[in-house]
Amino acid sequence: MKSGLIDRYRDLLPVTDATPSVSLGEGSTPLVRSQSIGDSLGCKDLYFKLEGCNPTGSFKDRGMVMAIAKALEAGKKRIICASTGNTSAAAAAYGARYGLETLVLVPAGEIALGKLAQAMAYGARILAVNGSFDDALNAVRSIVEVMDIELVNSVNPYRIEGQKTGAFEIIDELGAAPDMLCIPVGNAGNITAYWKGFNEYQAMGRAETTPKMMGFQAAGAAPIVRGEPVLKPETIATAIRIGNPASWEKAEAARDESEGMIDMVDDNEIVDAYLRLAREEGIFCEPASSASVAGLIKLPELGVDLTGKTVVCILTGNGLKDPGTAEKRALVELEYVEPDIDSVMNLLNSGK
Ligand SMILES: *Cc1c(COP(=O)(O)O)cnc(C)c1O
């Protein structure tokens, strides 16, 4: 029976005998070797970590399982988060399983359909706010000061603890740290968590080195790159449509300490990478996830030599989360046909 990441990494997480064992089978996600994009860039090895294979379809489950375990341990009955979609799906799933009332605040009209469907199905209470993700997070931070309700955004330190296990898995599987980690950056919790995980493994002697952390924001939502908050963040990659990241300074520390970089990719580059992943690699991730690969593809132009390098790209969420983008951007027309052999053969032979 597959157990979750708390069981797998118990000794490296802040759990005690009093921490309930919480799991939906999260973590231990596939690390799939690239068969096309890596070669085209001259990498020695390129791997994609398929975080969309987590139980609710994104890496948010790694942090949520820890946040929920600690909330239960503390006797909490209610949880709350602001979300661009995936955090609310994860909170709603674990909340449902462990009997916690779940309240999610989402920017009205800006959530990908699959994510909203999940929060609804899991039975969360959904407040659609007239504002951005950043406005929703500010509201949630004020609410938890006056209500007895557990905040499960990535400003909750247990979220970061759970998410650092992604770095452990990479080293456990490769036997060493990669040269570079490419990762999308939104609220910047995940880049913070990976950097923490890589450093902990190095300190324990389980890896000799740590990777350069290469973070990528969407050009319309790139506050860290531009050096100031973005008031109206805009991008097709809704999961990283964030104008004032909560873990801004920690992301900069990860960048600087690792001698990495945080740069940006525009929506066309994001969609190109999204389609290349699907069509050349057979991997369907959501647009925010492909920002990591769009960034990698751009690195040679930015003067970063990839020759002989081992690189891991974190593909943070499943493509099924956002069917609207596939419908609009994959540009495959349905071909209507009668269900008989002659009609099908005629169509295929019509030279279209
Ligand atoms: C949350 C999320 C991100 C951004 O992660 P941060 O920790 O906010 O930087 C990227 N991709 C997907 C699919 C996400 O759900």
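Which of the 17 residues around the ligand come nearest? In this predicted model, they are Lys 60, Asn 86, Asn 187, Asn 190 and Thr 316.

## Ligand shell

The shell around the ligand comprises seven nonpolar, eight polar and two charged residues. Two elements each give two or more residues to this shell, namely α9 (189–203) and α13 (287–298).

## Backbone contacts and burial

Three residues place polar backbone atoms beside ligand oxygen. For Gly 186, a backbone N or O atom is found 2.8 Å from an oxygen atom of the ligand. Asn 187 likewise has a backbone N or O atom 2.8 Å from a ligand oxygen atom, and a polar backbone atom of Ala 188 lies 2.8 Å from an oxygen atom of the ligand. On its own the ligand has 380 Å² of accessible area, of which the protein covers 97%.

Gly 186 belongs to the loop that connects β7 (180–184) and α9. Asn 187 is also one of the residues that come nearest to the ligand.

## Cavity and annotated binding site

The ligand occupies the space that forms the largest cavity. An unreviewed UniProt entry carries the annotation "binding site" for Asn 86, Gly 186, Asn 187, Ala 188, Gly 189, Asn 190 and Thr 316. These positions span 231 residues in sequence, yet no two of their C-alpha atoms are more than 14.3 Å apart, so they gather at one spot. From this set, the lining of the largest cavity takes in Asn 86, Gly 186, Asn 187, Ala 188, Gly 189, Asn 190 and Thr 316.

The annotation can be set beside the computed contacts. Among the annotated residues are Gly 186, Asn 187 and Ala 188; the ligand has an oxygen atom 2.8 Å from a backbone N or O atom of Gly 186, and the corresponding distances for Asn 187 and Ala 188 are 2.8 Å. Asn 86, Asn 190 and Thr 316, also covered by the annotation, are among the residues that come nearest to the ligand.

## Domain context

According to the unreviewed UniProt entry, residues 22–317 are covered by the annotation "domain: Tryptophan synthase beta chain-like PALP". Over this range the chain is 43% helix and 17% strand. The C-alpha atoms at the two ends of residues 22–317 are 21 Å apart.

How values were computed. Residues numbered from 1 in each chain as written. Predicted model: local features only at pLDDT ≥ 70, side-chain atom pairs only at ≥ 80, totals over all residues. Heavy atoms only, no water. Near = heavy atom within 4 Å. Polar contact = N/O pair within 3.5 Å; in protein donor to acceptor, adjacent residues only side chain to side chain. Areas by Shrake-Rupley, 256 points an atom, 1.4 Å probe, with all protein chains shown as cover. 1 Å grid on protein atoms, 1.4 Å probe; cavity = no way out; pocket = protein on both sides within 12 Å on 5 of 7 lines; lining within 4 Å. Sits in = over half its atoms within 2 Å of the grid points. Helix = DSSP H or I, 4+ residues; strand = E, 2+ residues; numbered from the N terminus. Nonpolar A, V, L, I, M, F, W, Y, C, P; charged D, E, K, R; others polar. UniProt positions renumbered as here; feature names shortened; annotations may be inferred.
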